[in-house]
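Please open the structure in your viewer and keep the selection box at hand. The tour moves from one selection to the next, and each stop says what you will find there.

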Amino acid sequence: MVDTSGLKKTPFFDAHVKHGGKMVDFSGWFLPVQFKGMTEEHNFVRTSCGLFDVSHMGEFLVEGPDALKFVDNLITNDAVKLNVNQILYTPMCRENAGVVDDLLVYKYSDTKFFLVVNAANIDKDFKWCNEVKDKMKANITLQNLSENYAQLAVQGPKAEKILQKLTKTDLSKLKFYWFCEGEIEGTHCIISRTGYTGEDGFELYFTPKDGLHLYDAILNAGGSEIMPCGLGSRDTLRFEAKLMLYGHELDDQTTPIEATIAWTVKLNKPAFIGKQILSEQKEKGTKKILAGLEMIDKGVPRAHYDVYHSGGKVGYITTGAQSPTLKKFIALAYVPPELAKPDSVVEVKIRDKFLKAKVVSLPFYKREKK
């Protein structure tokens, strides 16, 4: 039985209970880990559509004359090249290039940005952003609006078809990693073509009290083509697509170069936090690098299991599971660069056994674009 005292609940808690969600403690939030089952939900998102409550995510608003300068200094990716209504995935790093968090940056204008951060990092991130603001003496206002937003994710190949029934906004014109504002079933929303599953889909941000009906409205619009999904399938879906999970693939002691998301690090832009170390890593390499593993021997790789080679410990697993799509046991792991080449063989220590695994190319899964 989960001790619910002190746990935060999203506005859709009652909907989760009504639909049979199995509730668990996730970073201090009381959220559904599954409804019908993780594998069934995972496969349904890959082939049809799933509905996720992600209202626990954090939202910050940056406004003011120095907003663009502040955001571009804060993150490793290039905010200057963003168009209005475009979205950017990016880490933000400390001076040692360790990742404070990975986030989405929404550009309204050069003087207004909307930042979406991970739920477990809201307080840490807001403190960090204020430290950066003060150090820069940036002429901006920075607001933590996390309590003001609920968020639903509609994910899967049938997401557009289902959501289009509830809005006059032409969703076919909304490109991947772009956003607009519009009404969904009478509720004003930020409509974002983004997601965390490796599939097409949308994320909707809205005032909680105005959008409580949206959970069931979306399920009713989808009928047999949509199902409520929990954290379990969200994790296996993002893992197959090699999407980062903070606290696993990313943390304060890991850099974007080590995490093999160097494409988010734009070293040709002016100074930004962590640039010096990231420049050195890009030039000289790193001691560890994220690699994909596929088990050769029979065994389930789990997060925090150690990786061995030639009798010595060389790394560790960040995420591991049986892939519902591939029907194989796979893992993401940090290993030395010389062992990260495809077909390299390592061993994973599972209980007291050393079981063989081979390095494979990433991502494990990539959807076919239409």
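What follows is a walk through domains, sheets, a pocket, cavities and a few backbone details.

**Before you select anything**

This is a predicted model, in which local features need pLDDT of at least 70 and side-chain atom pairs count only at pLDDT 80 or more, while totals for chains, interfaces and linings use all residues. Residues are numbered from 1 along each chain as its sequence is written, and side-chain values use heavy atoms, with hydrogens and water left out.

**Stop 1: the domains**

Colour the protein chain by its division into domain 1 (12-53 + 149-241), domain 2 (56-147 + 255-284) and domain 3 (287-360); these bounds come from an automatic or database domain assignment. The centres of domain 1 and domain 2, taken over C-alpha atoms, are separated by 26 Å. The contact between them takes 19 residues from domain 1 and 21 residues from domain 2, where contact means heavy atoms within 4.5 Å.

**Stop 2: the open sheet**

Select strands 5 to 9 next; helices (H or I, at least four residues) and strands (E, at least two) are DSSP runs, numbered from the N terminus. These five strands form an open sheet in the order 6-7-8-5-9, with antiparallel pairing, and two strands count as paired if DSSP finds at least two bridges between them. Strand 6 and strand 9 (141-144) are the edge strands, each pairing on one side only. On average, neighbouring strands of this sheet are turned by 25° against each other, direction ignored.

For a closer look, select strand 5 (residues 58-63) together with strand 9, which pair in the antiparallel sense over four bridges. Which residue of strand 9 is the bridge partner of Val62? The partner is Leu142.

Now add helix 3 (residues 67-74), which lies across strand 5, strand 6, strand 7 and strand 8 (112-117) and runs at about 30° to strand 8. Helix 4 (residues 122-136) also packs on the sheet, touching strands 5, 6, 7, 8 and 9, and its direction makes about 175° with that of strand 9. For such angles, axes are lines fitted to C-alpha atoms, for helices over the stretch in contact, and the angles run from 0 to 180 degrees between N-to-C directions.

**Stop 3: the barrel**

Move on to strands 15 to 20, six strands that close into a barrel in the order 15-18-17-16-19-20, with antiparallel pairing. The twist from one strand to the next averages 45°. Strand 15 (residues 289-295) and strand 20 (residues 353-360) run antiparallel and are joined by four bridges. Select Gly292 to find the residue that stands opposite Val360 in strand 20. Helix 7 (residues 231-240) packs on this sheet, where the helix touches strand 17 (312-323) and strand 18 (328-335), and its direction makes about 120° with that of strand 17.

**Stop 4: the largest pocket**

On a 1 Å grid over the protein atoms alone, a cavity is a set of points where a 1.4 Å probe fits but cannot get out, and a pocket is an open set with protein on both sides within 12 Å along at least five of seven lines; lining residues have an atom within 4 Å of a point. Grid points are joined across faces, edges and corners, and a volume is the space filled by probe spheres set on the points.

Select Tyr89, Tyr177, Gly195, Tyr196 and Leu243, which lie nearest the centre of the largest pocket among its 41 lining residues. The volume of this pocket is about 1,100 Å³. Its lining draws at least three residues from each of domain 1 and domain 2, and it divides into 23 nonpolar, nine polar and nine charged residues. Here Ala, Val, Leu, Ile, Met, Phe, Trp, Tyr, Cys and Pro count as nonpolar, Asp, Glu, Lys and Arg as charged, and the others, Gly among them, as polar.

**Stop 5: the cavities**

How many cavities of 30 Å³ or more does the structure hold? There are two. The largest cavity, with about 40 Å³ of space, is lined by residues including Leu31, Phe52, Cys229 and Arg234. The second largest cavity holds about 30 Å³, and Phe52, Tyr196, Glu203 and Arg234 are among the residues that line it.

**Stop 6: two backbone details**

Finish with Pro363, in the segment after strand 20, where the peptide bond from Leu362 to Pro363 is cis, with omega near -5°. Then select Ser27, in the loop between strand 2 (22-26) and strand 3; phi of Ser27 is near 50°, a positive value in a residue other than glycine.
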